[in-house]
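Reader: Please take me through how some helices and aromatic rings pack in this protein, with the criteria spelled out as you go.

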Amino acid sequence: MANSIIQNQTYLTFMKAKHILSYFFLLFFVIILSSCKTDKPSPLEPIYDFTKTMIDDSAMVVTAHPIASLAGYDILRQGGNAIDAAIAVQFSLAVCYPIAGNIGGGGFMVYRSSDGTIDALDYREMAPAASTSDMYLDQNGNAIAEKSQNGALAVGVPGTPAGMYEAFQKYSKLKDWKALLAPAIHSAENGFRLTFRQAGLLNKNKTKFDKYNTDPVVFNSKNWKGGDLLIQPELATTLKAIANEGPTGFYGGKVADQIVNQMKKSGGIITHEDLKNYQAIWRTPITTNYRDHKIISMPPPSSGGIALAQILGMVENFNLAEMDYHSAEHIHVVVEAERRAYADRATHLGDSDFYNVPIASLINKDYLKSRMADFNPEKASVSDSIIAGQMKESLQTTHYSIVDQEGNAVSMTTTLNGGYGSKLVVAEGGFLLNNEMDDFSAKPGTPNMFGLIGAEANKIEPGKRMLSSMTPTIVEKDGQLLLVCGTPGGSTIITSVYQTVSNVIDYGMTATEAVQSPRFHHQWLPDKLILEEVGFDSLVINALADKGHKVMKRGKIGKVEAVRFLSNGNLEGAADIRADDDVKGF
Ligand code: DON
């Protein structure tokens, strides 16, 4: 008995020791495991929480990626204003949204301060000095799309670093340039997690990255999966040069050498002189009135503001509010206005510093009324019979909308043009270059990659800026901010912005309803009415076809980011459900 007690006690002591030991072993493993840097989130954890709609009382940032929204949000929290946040978002997108976010591209900003002052910044790319009007034509005079769309010859002189510094100098409240680049540098250095969509798009473009780059680049370095960390050390170094030296850190010194070397190696024509000469330009916004609202948008070299004002001006003569939303009657009127606006765009619009764009005449209300004089409610016009008045795409641009605590608003659209631009990376600098030269008219009447045609007004000339459709827009009602919106989508940008604005003004929608609503598009040529795949009634589609519209369906049109000011002083942020867009506010 005593023996067995002793045995029992020994056994218990042994068991206790074993327990304690295994406890320590377990602890040891937990410590080891948790100190290992894991490259993946658990498959059960979402990579990001995408917020698509929110209402709060102070400020809103809506962008294409949660990391960029956070960058803008943090700058606002640090006391920065909407311009500071916009600059931080632009640099952050260059890291976490490489398909369109950029330092090697350009864009446009429309600004409205809380006191009602309005301004517009053009940081659009520019044709290099050695460019010529026939640089994309073969010996038979036919345009070679490959040349204007991919590789070194497609690249316009980038405008983003200069544009951001211009905005900083004129309007920054934080007055700390380095702080605005800090979130981007952090994400480039430490990496950020790819969304599933981003991993898929990088993989899909692998062969193009292989084709247009001779040096190894990070974007095609592996088969990406959602949740993978994308680390960009070369880009971090370039961003640090911009942080330390301002735009000369990009347009001069080592980075300029890297760009010019890459050009020489890959057959491009951008020189040190081109980089040195680049300047962002402040422009006077296009303004128009639409049913007691003031619309503020981008002037040339974007066609966006003018075409938007034209569509609104033509449609204003019809009582949309009395038409059922997305009825054949409603869509028909809008499409006929779009058809006429895009016909004018093709003939009259280009860089107003090079070509005399008749802005006032194009947005004149009498002219716009007369433009619809031949409108037939029963019958679609035929685009070939619509000529300009007397006097195509996927989602690879990016827009963001910001309103700060003081009520200052920024509407900003930026792009490399196509997805990942020219696909050419400045290897030593770790950044992608645009293929914006394709936005010029390579040959009169020959469609560019968005199916848009142009002529003399948009022909290539050294130092000229290519015509854009980007339409960053702000809407006022009774002298108060009402809506900030914009979208990517090439030629569909203008019509998507139009629909967002009209949804709010004519149909009393919230920003969320206006953004998530199905979209349609017509751009004169090709003569097609494009509807989003989901959301249109088949009876309506048949009625439109009966009127003579050549109806086609397409997956998605546009990706709008909007902020709406509510009558109780709150702000509503709306991020498009069509992709990884995200709103953050407080
Ligand atoms: O400036 C423009 O109109 C075009 N480069 C925009 C390209 C674009 O939106 C591509 N993605 N969706």
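Author: A crossing counts as left-handed if the near helix is turned anticlockwise from the far one by less than a right angle, and as right-handed if clockwise. This is a predicted model, in which local features need pLDDT of at least 70 and side-chain atom pairs count only at pLDDT 80 or more, while totals for chains, interfaces and linings use all residues. Residues are numbered from 1 along each chain as its sequence is written, and side-chain values use heavy atoms, with hydrogens and water left out.

Reader: Which hand does the crossing of α13 and α14 have?
Author: Helices are DSSP runs (H or I, at least four residues) numbered from the N terminus, and the axes of α13 (residues 304-315) and α14 come within 9 Å and cross at roughly 140 degrees. Axes are lines fitted to C-alpha atoms over the stretch in contact, with angles running from 0 to 180 degrees between N-to-C directions. By the rule for near and far helices, the crossing of α13 and α14 is right-handed.

Reader: How are α13 and α14 oriented to each other?
Author: Angles under 35 degrees count as roughly parallel, over 145 as roughly antiparallel, 65 to 115 as roughly perpendicular and the rest as oblique. The axes of α13 and α14 cross at roughly 140 degrees, and the two helices are therefore oblique.

Reader: Which residues of α17 make the contact with α14?
Author: The axes of α14 (residues 328-348) and α17 (residues 492-505) come within 11 Å and cross at roughly 140 degrees. Contact means heavy atoms within 4.5 Å; on the α14 side it is made by V334, E338, Y342 and R345, and on the α17 side by I494, T495 and Y498.

Reader: What kind of aromatic pair do Y73 and F586 form?
Author: Rings of Phe, Tyr and Trp (its six-membered ring) pair if their centres lie within 6.5 Å, and planes under 30 degrees apart count as stacked, over 60 as edge-to-face and the rest as tilted. The ring centres of Y73 and F586 are 5.3 Å apart with planes at 85 degrees, so this pair is edge-to-face.

Reader: Is W177, the partner of F91 in an aromatic pair, buried or exposed?
Author: F91 and W177 are edge-to-face, 5.7 Å centre to centre with 85 degrees between the planes, and the pair links α3 (residues 82-96) to α6 (residues 177-190). Buried means under 20% relative accessible area, exposed over 50% and partly exposed in between, with a 1.4 Å probe and protein chains only. With a relative accessible area of 7%, W177 is buried.
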